[in-house]
Amino acid sequence: MKGGFDANVIRQDFPALKRMVKEDVPLVYLDTTATSQKPKQVLDCLNDYYSNNNANVHRGIHTLAEEATAGYENARITIGKFINASNEKEIIYTRNTTEAINLVANSWGRTNLNSGDRIILTEMEHHSNLVPWQMLAASIGLEIDIIPVDDNGLLDLHVYEQLLDKNPKAVCVTHMSNVLGTLNPIKNMAINAHDHGALIIVDGAQSAPHMPVDVQDLDVDFFAFSAHKMCGPTGVGILWGRYELLDAMPPFLGGGDMIKRVHLRDFDTNDLPYKFEAGTPAIGEAIGMGAAVNYLNGLGMQSIWEHEQDIVSYAMDRLNEVPGLTVYGPEAEMRGGVTAFSLDGVHPHDISQILDGDGVAVRAGHHCAMPLHERYKLVATARASFYLYNTYSDVDKLIEGLHKVKQVFG
Ligand code: 7TS
């Protein structure tokens, strides 16, 4: 327990953390990087919405429609404050981080980029911040430059400076790696990008759930994140963008809600944020995301971050005690609560399977970061990740399990 933050008390809010994986084997959930568990405050909010207020938004004037619309729009305000957006109209509901990045690539990218233009990506990106840009590059003829990752799991910022001298139009970078845990110096990278006339598009899927984020202070241009990794439901995420950029962009998807008027052969586009919210959105899930943000705010993002720092540094120390185990990425001080590792002579899927026998849930695979694994000459890693509900005891069970894996594999 650190600074009054007691994960043992917080865990009581999460029904899934009380379940047994099998008889007498409790769940030790170390896979938050894939998706977090949900507290009862969020589950109750979803149940309440679907039980009492369920209606479509922005189209009815009956009581339920007004309640659903108010809930949906109030959640937008709550989420806007959470990342310090200057205007809630800059908060666009999407399905997830992936859709938010596809929106930027297709709407901003197709309008502002031309054949031969350069964009910068990094070697540590999740596929969702690589593939949309690769698809765009193939379609309109962009040149892609890559910031490499060094042996310590940090971006090579010297190379970044050199790539900026080639006058790229955009820098697309993750705030925190979902494999190495590396926290990238986004504020400085944004200053440098802007000095060279490039926009910076940040994948915040792994930062927004875990640390205070202030998009104005970071001085970025677009920022994407998902509700399901931050105690909220699946099916909803956010694209934040600077008002003037979003305002100048064409719609991404066409249909209901994103129009002001429709004629038989053309249409007038709606204002922000609705311009980018075609069709019936994930209403209950957006409201649930607002409840998740309220839950996180109640604990305090700084306290959550400090707790995770404490757990990850304990985890790194303990993992390093296991003979033959390699943890990838930087020192604990430079990472969030993610540890990807390999164990000599044991396939990560076998690690995960044996740990599962003791209720310990870790992910094995390439974690949607194949190029990063290639960089380390790995096919897969095992990954344990930590959140506000994890304790030293969870780490201890992981380590016990890893010793068992070693016994099984000699
Ligand atoms: N960016 C990062 C850094 C991520 O970690 C993920 C999901 C995404 C984008 C995509 O988020 P989505 O909500 O659109 O799917 N990462 C993982 C993971 O590491 N294991 O499962 C999902």
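Domain bounds here come from an automatic or database domain assignment. On that basis, the chain of this predicted model splits into two parts: domain 1, made of residues 7–30 plus 300–408, and domain 2, covering 43–298. Their C-alpha centres sit 28 Å apart, and the contact draws 34 residues from domain 1 and 34 residues from domain 2.

How much area goes out of reach where the two domains meet? The size of an interface is often given as the accessible area lost when the parts come together. Between domain 1 and domain 2, about 2600 Å² is buried, and carbon and sulfur atoms account for 63% of that. On the domain 1 side, a trio stands out: Met301, Leu372 and Arg375 bring in 24% of the area that domain 1 buries against domain 2, which is more than any other three residues manage.

Arg375 turns up again when charges are considered. One salt bridge is counted between the two domains; Arg375 pairs with Asp151 in a salt bridge whose closest N and O atoms are 2.8 Å apart. Polar contacts join in too, with 17 residue pairs counted between domain 1 and domain 2, both partners at pLDDT 80 or more.

As for which pieces of domain 1 do the touching, the elements giving two or more residues to that side are the helices α11 (301–320) and α13 (370–375) and the strand β14 (338–343). Sorted by character, the residues on the side of domain 1 that touches domain 2 come out as 20 nonpolar, nine polar and five charged.

Key
Residues are numbered from 1 along each chain as its sequence is written. This is a predicted model: local features need pLDDT of at least 70, side-chain atom pairs count only at pLDDT 80 or more; totals for chains, interfaces and linings use all residues. Side-chain values use heavy atoms; hydrogens and water are left out. Contact means heavy atoms within 4.5 Å. Buried area is the accessible area (1.4 Å probe) that two parts lose on being put together, summed over both. A salt bridge is a side-chain nitrogen of Lys or Arg within 4 Å of a carboxyl oxygen of Asp or Glu. A polar contact is a pair of N or O atoms within 3.5 Å; within protein, one must be able to donate a hydrogen and the other to accept it, and residues adjacent in sequence count only if both atoms are side-chain atoms. Helices (H or I, at least four residues) and strands (E, at least two) are DSSP runs, numbered from the N terminus. Ala, Val, Leu, Ile, Met, Phe, Trp, Tyr, Cys and Pro count as nonpolar, Asp, Glu, Lys and Arg as charged, and the others, Gly among them, as polar.
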